[in-house]
Amino acid sequence: MKLAAWSIDRQPSEEALPVPKRIGRSHIGLEKHLQNWIANDVALIGEGLTLVGCEIAIDDGRLDLLAIDTQDRWVVIEIKPGMLDRFALTQALYYASSLARLGADELLEKLEPRFGELGNAEQLSAQVKRQLENEDEGRVIAVLLVGAGVHAGLERMNGFLGGFGVPIGIVSFEVFEMEDGPRLLIREVLDEQVDQPARPHRRLGVDEIRRRAVDVGMGEPFDRFVTVSREAGLATQAQRASVRIAPQANRTRFLMYARPDTGNDGGVLHIAVGPQAFAEFFPHVTEQEAVKALDGVDGTYGKGKELDAVLDRIKDFLADHVNQVAAGP
């Protein structure tokens, strides 16, 4: 994989032929910034990730980042400043195998001291504890490699391991610098190439997730979230503790999710959205429209006016954009 970028300037008239102008690579050192950028905004490498660990001492190494995704999996994130190769994959799998054998109390002990640096410490603690409690049938772990360029051999290995149900994603970045202008961070994503399901684990149905919502007093807002998603023609899928909303064209992808939970003062509903994914799967929706409509929706909400307003925003966005696209002309 080798990225290149060109700028296309506006022309003085519609008849004038635009001439692409190549943008040179920047010499900014990704190794100085990439991990901090991701720690500050994990959406740089993927939607729906919740960062729960950073620089985790594990066996004789240090795991760069650890997250939980919308499929309720642990995601081992290995970051390399240069090209990703087989050695990066080997190291990530080593950390994944080390993570798999850690006891629940030991893993929580490693993660908990830095929750406050990554977000709301109480919410992260509750999410990690719930994740650990749901591991009756084994710990489910995915791998995400992040770097600047991908060696062809790594792509081949990724495809091979995908045949055995090993979930490995790859994200590659390049930095380009416009003349007398801003630097551009370009991202290329290789989705997981899993041809058969990974090790089975306990999975609830949507009705069971709903019962959880009812038990914590969040049944009505949870039903609203699911109903507006289904009315828009989107797929609803139960994960181990949440409901994920996906496009019908690719049910492995994340558009939104909601997870009912207990909070300090009653039930809460965790909501996350992926504006970029809406733009990817619905051509009539631009990324700018999706970001503007859904900006600030991600969060944890108790029952009340704030949650009602968020659900209204989601409903309006789906009604104005996605419903029309799903229905066709």
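Tutor: A helix in this predicted model is a DSSP run of type H or I with at least four residues, numbered from the N terminus. Asp105 is found in one such run, helix H3, which covers residues 104-111, and the protein as a whole has eleven helices and 13 strands.

Student: What makes Asp105 count as buried or exposed?

Tutor: The relative accessible area of Asp105 is 66%, and the term exposed applies over 50%, so Asp105 is called exposed. In space, the C-alpha of Asp105 is 8.8 Å from that of Leu132, a residue 27 places away in sequence.

Student: Why is Leu89 placed in the class it has, buried or exposed?

Tutor: Leu89, whose place is in helix H2 (residues 86-101), has a relative accessibility of 1%; since buried means under 20%, Leu89 is buried. Leaving aside residues up to four places away in sequence, Leu89 touches Leu145, Leu154, Met157, Leu161 and Ile168. For Met157 the C-alpha separation from Leu89 is 8.9 Å, although their positions lie 68 residues apart along the chain.

Student: How many residues of the protein are buried, as a percentage?

Tutor: Buried residues account for 45% of the 329 residues. As for the contacts in the protein between residues at least 6 apart in sequence, 60% of them join residues at least 24 apart.

Student: Why is the arrangement of Phe254 and Tyr257 called edge-to-face?

Tutor: A pair of aromatic rings is described by the distance of the centres and the angle of the planes. For Phe254 and Tyr257 the centres are 6.2 Å apart and the planes 65° apart; pairing requires centres within 6.5 Å, and planes over 60 degrees apart count as edge-to-face, so both conditions are met. Phe254 and Tyr257 are both buried. Four aromatic pairs are found in the whole structure, and one aromatic cluster is formed by Phe278, Phe282 and Phe317.

Student: Which residues line the largest cavity, and what makes this space a cavity and not a pocket?

Tutor: In a cavity a 1.4 Å probe fits but cannot get out, whereas a pocket is open. The search finds one cavity of 30 Å³ or more, and the largest cavity holds about 40 Å³. The lining consists of Gly48, Thr50, Ile68, Asp69, Thr70, Asp72, Gln127, Ser242, Tyr257 and Arg259, which divide into two nonpolar, five polar and three charged.

Student: How many residues line the second largest pocket, and which are closest to its centre?

Tutor: The second largest pocket, with about 770 Å³ of space, is lined by 33 residues, of which Leu49, Thr50, Ala272, Asp298 and Gly299 are the closest to its centre. By class, that lining has 15 nonpolar, 13 polar and five charged residues. Strand E12 gives the largest share of the lining, four residues, while the elements that each supply at least two residues include helix H1 (30-40) and strand E3 (50-58).

Student: How do you know that helices H7 and H8 are in contact, and which residues make the contact?

Tutor: The axes of H7 (residues 206-215) and H8 (residues 219-231) come within 7 Å and cross at roughly 145°. The contact is made by Val206, Ile209, Arg210, Ala213 and Val214 on the H7 side and by Gly219, Phe222, Asp223 and Arg230 on the H8 side; contact means heavy atoms within 4.5 Å, so the term rests on atoms and not on the axes alone. These contact residues comprise five nonpolar, one polar and three charged.

Terms used:
Residues are numbered from 1 along each chain as its sequence is written. This is a predicted model: local features need pLDDT of at least 70, side-chain atom pairs count only at pLDDT 80 or more; totals for chains, interfaces and linings use all residues. Side-chain values use heavy atoms; hydrogens and water are left out. Rings of Phe, Tyr and Trp (its six-membered ring) pair if their centres lie within 6.5 Å; planes under 30 degrees apart count as stacked, over 60 as edge-to-face and the rest as tilted. Buried means under 20% relative accessible area, exposed over 50%, partly exposed in between (1.4 Å probe, protein chains only). On a 1 Å grid over the protein atoms alone, a cavity is a set of points where a 1.4 Å probe fits but cannot get out, and a pocket is an open set with protein on both sides within 12 Å along at least five of seven lines; lining residues have an atom within 4 Å of a point. Grid points are joined across faces, edges and corners, and a volume is the space filled by probe spheres set on the points. Ala, Val, Leu, Ile, Met, Phe, Trp, Tyr, Cys and Pro count as nonpolar, Asp, Glu, Lys and Arg as charged, and the others, Gly among them, as polar. Axes are lines fitted to C-alpha atoms, for helices over the stretch in contact, and angles run from 0 to 180 degrees between N-to-C directions.
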